[in-house]
Amino acid sequence: MLTDAQRQVWKDKGFDVSTLKHREVLLEKVASYNPESILDVGCATGPDVCLYEMAMPNVNIHAFDSTEGDIEIAKKLLTRSTFETKDLRKYLKDIPSLSYDVVVSNGVMMYYEPHEIVNLLRIAKKAVIMSEKDPYTFNILEYLRAIRHEPIITKIDASIRPSWAENGFIYEVCL
């Protein structure tokens, strides 16, 4: 999906090269929903947002993270998307229902309480995509099934991201 030139731009921005293949798999899943809008939950300095901007230049992308320093870096590196410093637990509750086509998290929800996933589902129109280590603080798959959602599951193996090979998964909840 990305060209070699786009991969080089991503690398030149200083993002962690060891995570690129994993992030490209996540990008393909997000792009498959043909979104007009994306919310990146816990975006850090914006490595995923950078890929979304390059691969989907006409998509409205909003991202947030609780670390102000990371958001300031993201704002400098990526000028097309909008970024905010927000606390996930408070912010998600304030977002109106069905606000974004795709809501995506990468290594974020595993640190929060399972009920926060309900807010992701509430604000997404087409899909929620979570790339997480599972189980971590709770079992995401068990929780999704308990609230009657059967996700599409992609196992993250060593060829995609060695450090997540044991317990990394991408969960796609189609809405």
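This is a dialogue about how to read some features of a predicted model.

Colleague: Where should I begin with helix H2, and how many of its residues are buried?

Modeller: Begin with its extent: helix H2 covers residues 20-31, and its 12 residues reach 16 Å from the first C-alpha to the last, close to the 16 Å expected at 1.5 Å a residue. As for its surroundings, H2 is mostly covered, with 10 of its 12 residues buried. Among those buried residues are Leu20, Val25, Leu26, Leu27 and Val30, but the list also includes His22, Arg23, Glu24 and Lys29.

Colleague: Which residue forms a salt bridge with Glu24?

Modeller: The general idea is that side chains of opposite charge can pair when their charged atoms come close. In this structure Glu24 pairs with Arg7, and the closest N and O atoms are 2.9 Å apart. Because Glu24 belongs to helix H2 and Arg7 to helix H1 (residues 4-12), this pair ties together parts that are 17 residues apart in sequence. Glu24 is buried, with a relative accessible area of 13%, whereas Arg7 counts as partly exposed at 22% relative accessibility. The pair also belongs to a network of salt bridges that links Asp4, Arg7 and Glu24.

Colleague: What does Lys29 meet in a salt bridge?

Modeller: The side chain of Lys29 meets that of Glu172, at 3.3 Å from N to O. Lys29 lies in helix H2 and Glu172 in strand S7 (residues 168-174), so this salt bridge ties together parts that are 143 residues apart in sequence. Both Lys29 and Glu172 are buried.

Colleague: How many salt bridges are there in total, and are Arg145 and Glu150 buried or exposed?

Modeller: The count comes to seven salt bridges, and one of them joins the side chains of Arg145 and Glu150, at 2.9 Å from N to O. Arg145 counts as partly exposed, at 44% relative accessibility, while Glu150 counts as exposed, at 55%.

Colleague: Let us turn to the rings. How many aromatic pairs does a search of the whole structure find?

Modeller: The search finds five aromatic pairs, and for each one you should look at the distance between the ring centres and at the angle between the planes. Phe138 and Tyr143 form an edge-to-face pair, 6.4 Å centre to centre with 80 degrees between the planes. Phe138 is buried at a relative accessible area of 12%, and Tyr143 is buried at 18%. Phe169 and Tyr171, in turn, form a stacked pair, 5.9 Å centre to centre with 25 degrees between the planes. Phe169 and Tyr171 are both buried.

Colleague: What sits over the ring of Phe169?

Modeller: A ring can also have a charged group over its face, and here the charged end of Lys155 sits over the ring of Phe169, 5.0 Å from its centre. Another case is Arg161, which lies over the face of Trp164 at 4.5 Å from the ring centre.

Colleague: Why is Cys50 not bonded to Cys43?

Modeller: A disulfide is a covalent bond between the sulfur atoms of two cysteines. The cysteine sulfur closest to that of Cys50 is in Cys43, but they are 12 Å apart, too far for a bond, because a disulfide needs the two sulfur atoms within 2.5 Å. The count for the structure comes to zero disulfides. Cys43 is buried at 4% relative accessibility, and Cys50 is buried with a relative accessible area of 1%.

Colleague: Finally, which peptide bond is cis, and where is Ala44?

Modeller: For the peptide bond, the angle to read is omega, which is near 0 degrees in the cis bond from Asp134 to Pro135. Pro135 has its place in the loop between strand S5 (124-133) and helix H7 (140-146). For Ala44 the angle to read is phi, which is near 55 degrees, a positive value in a residue other than glycine. Ala44 is in the loop between strand S1 (37-41) and helix H3 (47-55), and it counts as partly exposed at 27% relative accessibility. Leu98 likewise has a positive phi, near 55 degrees, and its place is in the loop between helix H5 (88-94) and strand S4 (100-106). Leu98 is exposed, with a relative accessible area of 52%.

Key: Residues numbered from 1 in each chain as written. Predicted model: local features only at pLDDT ≥ 70, side-chain atom pairs only at ≥ 80, totals over all residues. Heavy atoms only, no water. Phe/Tyr/Trp six-rings, centres within 6.5 Å; stacked < 30°, edge-to-face > 60°. Buried < 20%, exposed > 50% of the residue type's maximum accessible area, 1.4 Å probe, protein only. Lys NZ or Arg CZ within 6 Å of the ring centre and 35° of its normal. Helix = DSSP H or I, 4+ residues; strand = E, 2+ residues; numbered from the N terminus. Expected span 1.5 Å × (residues − 1). Salt bridge = Lys/Arg side-chain N within 4 Å of Asp/Glu carboxyl O.
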